[in-house]
Structures are given as C-alpha cells and as structure tokens.
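Grab a pencil and work through these exercises with the model open. Each task comes with a step-by-step solution.

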Amino acid sequence: MRRRTFITTVSAAVAFSGAMWSEAAAASVSAGPSPYGPLGAPDANGMALPTGFTGRIVARTGRNVGGTLWHPAPDGGACFADGTGWIYVSNSEVPLIGGASAIKFRADGSIERAYRVLNGTNLNCAGGATPWNTWLSCEEIFRGRVHETDPYGTRAAQSRPAMGRFKHEAAACDPDHRVVYLTEDETDGCFYRFTPTTWGDLSGGRLDVLCGLGGDSVEWRPVPDPQPGTLARQTRRQVSAARHFSGGEGCHYAAGICYFTAKGDRKVWAYDTARQTVSAIYDGTGTLDGVDNITGRPSGDLYVAEDGGNMEINIITPDGVVAPVMRLDGQSESEITGPAFSPDGTRLYFSSQRGTSGETAGTGGITYEVTGPFRR
C-alpha cells in the first residue's frame with residue numbers, strides 16, 4: 001500500500017493538543033459559544049453553517065459520481081492524500097453487498113473519478129485509517145471482521161481476522177505504541193487493543209480487552225479466543241473483569257489519548273495511555289446527542305457526529321466547550337456518519353446515511369462537503 005508523509009506530520013502536530021486534553025480529561029464539558037460563531041439559516045441543501053463556511057453535495061446513493069453508482073447507507077469514512085489531490089473513502093452499511101467506495105478529488109476540489117475498494121462484505125459501519133495509508137473497514141455483525149482496503153484502488157482488500165471476530169464499529173491506530181484500538185457496538189460492548197506482531201502488518205498479533213481496576217484505573221488483559229466459533233463464548237464475555245460500554249461507536253487517537261464514543265452511555269470517553277485511565281470528557285450534558293463517529297484536528301478540537309438528535313456535528317474544544325458547527329434540517333430519521341477532513345484541513349466530508357427519505361435501506365444516502373476556515 002502507498003505511504004504518504006502527511007499522516008506522520010499530523011501525528012507530530014497533535015502532540016501538544018494531546019497533552020492539553022490529558023490535563024483536561026477529567027474536566028466537564030459544557031455548552032458554550034462555538035469558535036466559529038452561531039449557525040446561520042439552512043442553505044439550499046438544508047445545511048446550516050457558520051458565517052464563512054459553504055457546503056455542497058458530492059454524492060447521492062444510486063446516482064453516478066465519477067463513473068460509479070454511489071453506495072447505499074454511507075457510513076464511516078476517511079481522507080487520504082494523493083499527489084496534489086485527495087481521496088475520501090466511505091463504507092456502506094447494508095447487508096451482503098456492503099463494502100466501501102472511494103472518491104478521488106483533484107487539487108481544485110473537482111471530482112476526478114470514483115471506484116469500489118471493497119465488495120461482498122456485510123454491514124460495513126465505521127473503521128479507521130492506518131499510518132501506512134490503508135482503510136480498515138469494520139463489519140457491524142455477529143462475528144464481524146475487519147477488512148484492510150487500499151484507498152488508491154490498486155490492491156485487493158484483505159480480511160484481518162486476528163483483530164477479532166465481534167460486532168466491530170471503529171478503529172484508531174496509535175503509532176506511538178504501535179497498537180490499534182477497536183470499539184464494539186453492543187449494549188455491553190468492550191474496548192479492545194490489537195497489537196500486531198509486526199507494525200504495519202495486521203495479519204497476526206494479540207487482542208486485548210480493557211479491564212477495570214476500580215475508579216478510572218484500567219489495565220489490558222488478553223482475549224483468550226479472539227476468533228470464536230459460532231457457538232463459542234463471545235469476545236466481550238471471555239474476560240470477567242472487562243469493562244463494558246453501551247453502544248461503542250467512533251474512535252480517534254491523538255498523542256497519547258484515544259477518544260471513543262458510546263451512544264448508549266451518551267458519553268465521549270478518553271483513554272489516557274500514560275496514566276492508564278478512562279474518563280468521560282463529555283457526559284451528555286450539552287448540545288451533543290446521539291454521540292457517534294468522531295474525528296479531530298491538530299488544534300485539539302474534536303468533531304462528533306450525531307446519530308439522530310437534531311442532526312448536528314458538534315465541536316468539543318480543549319477548553320471544554322461543546323457547540324454545533326453544522327446542522328442538517330429535515331432529516332430527523334437519518335444519522336450523520338463518516339466525518340473526515342481533507343489533508344489540508346479546509347474541507348470536512350460526512351454523510352447523511354438515510355437522507356431526507358429516512359429509509360432504513362439507506363437508499364436516500366447523501367454525502368456532503370463543507371469548506372471553511374476550520375481551526376488547524
């Protein structure tokens with residue numbers, strides 16, 4: 001798979017912001033004024049944005065985009081640098097034909113082409129980008145798998161069963177400790193850590209589960225059988241001390257802190273790798289509801305998408321302010337998925353999984369782009 005230097009640069013840039021969050025992890029987050037100002041009136045696409053920001057639709061389910069029919073139920077996504085342009089990869093959370101697709105953008109933001117990067121998989125929900133520029137697409141099904149895909153479309157996708165067989169949601173790579181964190185979308189789901197035998201090769205390694213020691217203190221213990229058979233004990237029930245989270249969703253790592261969301265808990269959690277603690281940085285008190293996919297910026301800002309709620313993307317700043325930065329009107333039966341920034345940080349991509357139709361099959365999915373002066 002191709003390597004790009006921008007991910008290394010971003011990892012270095014977040015070091016200070018990660019330290020700030022480490023100090024503030026136990027502090028409460030509350031509603032406050034957005035650093036971008038209030039949302040304006042909805043535009044022609046029903047998108048409410050702050051002054052200075054503009055939005056557009058880049059793809060719709062079932063319609064041609066760059067020579068490819070865009071997939072139903074668009075979900076988790078990520079951006080990858082590609083020469084002077086970039087690529088946005090998006091999962092498809094439908095049964096049997098899920099997979100993932102990619103849109104290649106030119107330097108001016110126009111679409112060059114689109115193509116499939118994964119086929120024949122099941123309910124591909126979220127995932128995560130790797131430092132070696134692949135996309136981990138996760139199946140949200142019983143005994144689901146992680147599939148490593150090539151965003152550039154030159155190499156075939158590969159299943160990574162060593163990363164566990166369970167109801168996968170999201171993945172976040174930690175290049176500092178050379179591990180991958182994984183969330184599980186169950187009412188009693190767990191938080192996992194996969195340590196590859198060789199960093200950069202996910203074909204083999206050890207799967208651990210986060211266990212509570214009392215209070216915020218935690219430790220990791222090996223999962224005895226990461227690939228259980230159909231009738232065998234599920235991974236989340238193999239270690240009695242495992243700590244459980246209701247509805248694990250998005251996952252994002254930045255400089256010593258792994259942030260992950262739990263929709264049932266209505267919380268954004270922070271795992272501090274140095275202190276070996278897990279604490280909630282957002283406990284559901286504020287403008288953010290239905291916490292789901294999460295991403296971040298070198299500034300230390302986190303961006304969290306809502307599953308339901310009033311269909312917003314909210315920012316959580318390092319100084320403890322939560323505020324909406326985008327809202328979609330008229331789509332209350334949908335959810336926002338796949339937030340990801342272009343490599344230069346000026347464009348934010350995301351989808352409305354069911355769009356204005358609200359159909360459970362995701363046939364009304366819409367993928368958007370917002371351009372503006374995002375904090376770097």
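**Exercise 1. Work out how β20 is linked to β21, and which residue in the turn has a positive phi.**

Step 1: β20 and β21 form a hairpin with 4 residues between them. Strands here are DSSP runs (E, at least two residues; helices are H or I, at least four), numbered from the N terminus.
Step 2: Look in that turn for R266, whose positive phi is about 55°.
Step 3: Now check the pairing: 6 bridges join β20 to β21 (residues 267-272), and the two run antiparallel. Two strands count as paired if DSSP finds at least two bridges between them.
Step 4: For a register mark, A262 stands opposite K267 in β21.

A quick note before going on: this is a predicted model, where local features need pLDDT of at least 70 and side-chain atom pairs count only at pLDDT 80 or more, while totals for chains, interfaces and linings use all residues. Residues are numbered from 1 along each chain as its sequence is written, and side-chain values use heavy atoms, with hydrogens and water left out.

**Exercise 2. Do the same for β19 and β20, then decide how covered β20 is.**

Step 1: β19 (residues 248-254) is joined to β20 by 5 bridges, again antiparallel, with H252 opposite Y259.
Step 2: This hairpin has 2 residues between its strands, and A255 in the turn has a positive phi of about 50°.
Step 3: In β20 (residues 257-262), 6 of 6 residues are buried. Buried means under 20% relative accessible area, exposed over 50%, partly exposed in between (1.4 Å probe, protein chains only).
Step 4: In a regular strand, side chains alternate between the two faces of the sheet. Both faces of β20 are covered, with I257, Y259 and T261 on one side and C258, F260 and A262 on the other.

**Exercise 3. Place H147 in its sheet and list what it touches.**

Step 1: H147 sits in β12 (residues 146-149), part of an open sheet of 4 strands ordered β10-β11-β12-β13 with antiparallel pairing. The edge strands are β10 (124-129) and β13 (158-159), each pairing on one side only.
Step 2: β12 pairs with β13 over 2 bridges, and E148 has Q158 as its bridge partner.
Step 3: H147 counts as buried because its relative accessibility is 5%.
Step 4: Leaving out residues up to four places away in sequence, its contacts (heavy atoms within 4.5 Å) include W135, E139 and Q158.

**Exercise 4. Count the disulfides and explain the case of C125.**

Step 1: With a disulfide taken as a pair of cysteine sulfur atoms within 2.5 Å, the count is 0.
Step 2: C125 has no bond because the closest cysteine sulfur, in C138, is 8.6 Å away, too far.
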